[in-house]
Amino acid sequence: MAIETPPTSASAAPSAAGSAAASAPPRLSGRARGVLFVLCAAQFMVALDFSVLNVALPVLGRDLGLSTTGLQWAVTAFALPSGGFLLLFGRIADLYGRRRLFLAGLTLFGAASLLATLAWDPASFLAGRALQGLGAAVIVPTGMSLLTTTFPEGPLRDRALGISGTLLSLGFTVGMVAGGVLTDTLGWRSTMGLLAVASLGVLAVAPGALEESRTADRPRLDVPGAVSVTGGLLALIYALTTAAERGFGGADVMVTLVLGVVLLCAFVVVESRTAAPLVSLPMLRRRTVAFGNLGGLVTFSMMSTVVFVLTLYLQEVLDLSPFATGLVFGVQGLLSVAAGMFAPKVIGRIGARRTLALSLIGQGLFIGVLLGLGAESGVWLATVAVSLASMFHLGAIIAYGLTVTSGVPNEEQGLATGLVTTTQQVGLTVGVPLLGVLATTQDTLFDGVRTVVAVAAAILLAAGAVVATGLRRS
């Protein structure tokens with residue numbers, strides 16, 4: 001059981017005690033705590049993978065003989081499958097068992113991390129990264145659907161998603177700090193080895209903590225829908241990540257960009273005509289799903305872009321070391337943890353929808369403060385502003401997950417959480433290609449950073465207003 005309620009006594013209790021017992025909030029059982037630990041540990045591990053390798057890339061490139069172009073593929077090889085296959089695996093988990101698929105994803109992720117650790121040439125390393133991404137595409141939606149089917153709507157789910165969202169943000173931050181420390185002391189292979197050990201640890205605990213969960217009926221898998229949406233997401237992510245490196249003028253970028261749009265349009269047509277769709281179009285027409293995912297897409301894409309350009313600013317403009325840069329984002333991580341503790345209380349008072357809109361606006365305001373950065377100083381302003389923006393970012397992460405999954409029946413939780421995690425992965429992937437290129441195409445890097453900050457702040461403020469208006473009518 002996910003919840004424990006206080007045992008009732010055979011004898012009549014005093015009315016005051018009875019009222020207190022009736023109003024006492026439900027408590028997590030031991031099994032529920034175990035489930036939460038396993039799922040949050042897996043979420044933290046995947047978040048760690050997004051950032052732990054960043055600082056190690058130059059050393060890795062020299063060791064394996066990867067060119068600068070090849071180093072971009074160290075990131076892209078993970079992002080393509082992790083973003084492209086999320087919806088497919090979320091639906092497969094609904095039909096054939098979330099626990100089973102979650103354990104398979106952990107196994108694949110651990111084996112892929114070991115391959116990347118032992119890589120002997122660029123091809124073996126990139127294969128390991130791609131398989132890591134495929135494992136993450138299994139772990140993330142199945143883990144989220146296990147969480148939302150274990151914890152019912154209300155304070156328990158708010159608390160569980162608050163912890164999960166905090167660890168997601170913290171994992172990204174810890175990865176940036178740990179990547180520099182491990183690379184300097186043990187070499188780049190230790191960053192991948194850390195992930196292999198972590199996955200082994202989670203896999204050792206998960207079978208005893210998790211119970212199987214699936215839909216009651218077993219409809220046929222929507223193969224045309226799966227092919228079109230997966231192909232469309234893969235093509236779109238490839239086009240955007242390649243454009244970040246070479247611009248939008250390349251033939252391969254334009255071809256894959258158009259192909260991605262065509263396939264996603266074909267997906268909408270397929271889903272409107274199939275009896276058992278991969279994505280229910282009525283679900284997408286729900287305001288909570290549409291505007292909730294819009295908020296999630298904006299908060300992830302803009303925050304990942306701002307972190308990217310701030311890293312360039314701190315190291316290339318202010319000449320900070322990678323370790324000192326990591327400490328700046330370490331402060332950001334600590335405040336994100338604090339935000340994760342308070343966000344469920346705020347949501348309990350004003351609701352997830354209002355929290356999402358206000359969090360987007362708050363994030364935009366504090367990112368706008370970064371326009372005060374100077375060409376020769378700005379470490380303290382950057383630390384304070386990005387940390388406070390991250391607190392609102394964490395609130396938006398938790399609120400959008402609650403908004404999208406609220407009111408969704410258990411048999412469609414894998415689908416709903418697949419949408420949540422697809423938005424998360426796509427947001428993390430497309431932000432830098434779309435805006436980060438502005439940082440390197442202006443007259444100076446400092447001008448580019450200011451341009452990105454201004455655009456990101458404007459997008460967040462506009463998104464906050466749109467989400468507030470859209471959700472108010474739902």
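**Exercise 1. Placing Ala468**

In which helix is Ala468 found? Work out its exposure class and its distance to Arg354 as well.

*Solution.* A friendly reminder before starting: this is a predicted model.

- Step 1: Locate the residue. Ala468 belongs to helix 18, which covers residues 445–472.
- Step 2: Assign the exposure class. Buried means under 20% relative accessible area and exposed means over 50%. The relative accessibility of Ala468 is 25%, so Ala468 counts as partly exposed.
- Step 3: Look along the chain. Arg354 is 114 residues away from Ala468 in sequence, and their C-alpha atoms are separated by 6.7 Å.

**Exercise 2. The whole chain**

Describe the protein by its secondary structure, its burial and the sequence range of its contacts.

*Solution.*

- Step 1: Take the secondary structure. There are 18 helices and two strands.
- Step 2: Take the burial. Of the 474 residues in the protein, 53% are buried.
- Step 3: Take the contacts between residues at least 6 apart in sequence. Of these, 83% join residues at least 24 apart.
- Step 4: Pick one example of a pair distant in sequence. Gly179 and Phe323 are 144 residues apart along the chain, and 9.2 Å separates their C-alpha atoms. Gly179 sits in helix 8 (residues 155–185), and its relative accessible area of 0% makes Gly179 buried.

**Exercise 3. Cysteines**

How many disulfides does the model contain? Then classify Cys40 and Cys265 by exposure.

*Solution.*

- Step 1: Apply the cut-off. A disulfide needs two cysteine sulfur atoms within 2.5 Å. The count by this rule is zero disulfides.
- Step 2: Classify the two residues. Cys40 has 3% relative accessibility and is therefore buried, whereas Cys265, with a relative accessible area of 47%, is partly exposed.

**Exercise 4. Two residues of helix 7**

Find the surroundings of Arg129 and Gln132, leaving out neighbours up to four places away in sequence.

*Solution.*

- Step 1: Place both residues. Arg129 is in helix 7 (residues 122–150), and Gln132 lies in helix 7 too.
- Step 2: Check burial. Arg129 counts as buried at 3% relative accessibility, and Gln132 counts as buried at 0%.
- Step 3: List the contacts. Arg129 touches Asp49, Leu53, Ala74, Val75, Ala77, Phe78 and Met192. Gln132 is in contact with Asp49, Phe78, Phe109, Ala112, Ser113, Met192 and Leu195.
- Step 4: Compare the lists. Asp49, Phe78 and Met192 appear in both.
- Step 5: Recall a general point about helices. An α-helix has 3.6 residues a turn, so residues three or four places apart point the same way.

**Exercise 5. Helix 5 and its partner**

Why is helix 5 described as largely enclosed by the rest of the structure? Describe its packing on helix 7 too.

*Solution.*

- Step 1: Count the buried residues. Helix 5 (residues 86–96) has ten of its eleven residues buried, so it is largely enclosed by the rest of the structure. Among those buried residues are Arg91 and Asp94.
- Step 2: Look just past the helix. Gly97 follows helix 5 and has a positive phi, near 120°.
- Step 3: Set out the geometry. The axes of helix 5 and helix 7 come within 8 Å and cross at roughly 50°; helix 5 and helix 7 are therefore oblique to each other. Their crossing is right-handed.
- Step 4: Sort the contact residues. Leu86, Phe89, Gly90 and Ala93 of helix 5 meet residues of helix 7 including Leu134, Val138 and Pro141. By class, this contact has nine nonpolar, two polar and no charged residues.

**Exercise 6. Two more helix pairs**

Characterise the packing of helix 6 with helix 9 and of helix 13 with helix 16.

*Solution.*

- Step 1: Recall what is needed. Two packed helices are described by the angle between their axes and the distance between the axes.
- Step 2: Take helix 6 (residues 98–117) and helix 9 (residues 189–209). They pack at an angle of about 155°, with their axes 8 Å apart, and are therefore roughly antiparallel. Their crossing is left-handed. The contact of helix 6 with helix 9 divides into 13 nonpolar, six polar and two charged residues.
- Step 3: Take helix 13 (residues 287–317) and helix 16 (residues 379–405). Their axes come within 9 Å and cross at roughly 160°, so helix 13 and helix 16 are roughly antiparallel. The crossing of helix 13 with helix 16 is left-handed, and their contact has 13 nonpolar, eight polar and no charged residues.

Note on methods. Residues numbered from 1 in each chain as written. Predicted model: local features only at pLDDT ≥ 70, side-chain atom pairs only at ≥ 80, totals over all residues. Heavy atoms only, no water. Helix = DSSP H or I, 4+ residues; strand = E, 2+ residues; numbered from the N terminus. Buried < 20%, exposed > 50% of the residue type's maximum accessible area, 1.4 Å probe, protein only. Axes fitted to C-alpha atoms, helices over the stretch in contact; angles between N-to-C directions. Parallel < 35°, antiparallel > 145°, perpendicular 65-115°, else oblique. Left-handed = near helix turned anticlockwise from the far one by under 90°. Nonpolar A, V, L, I, M, F, W, Y, C, P; charged D, E, K, R; others polar. Contact = heavy atoms within 4.5 Å.
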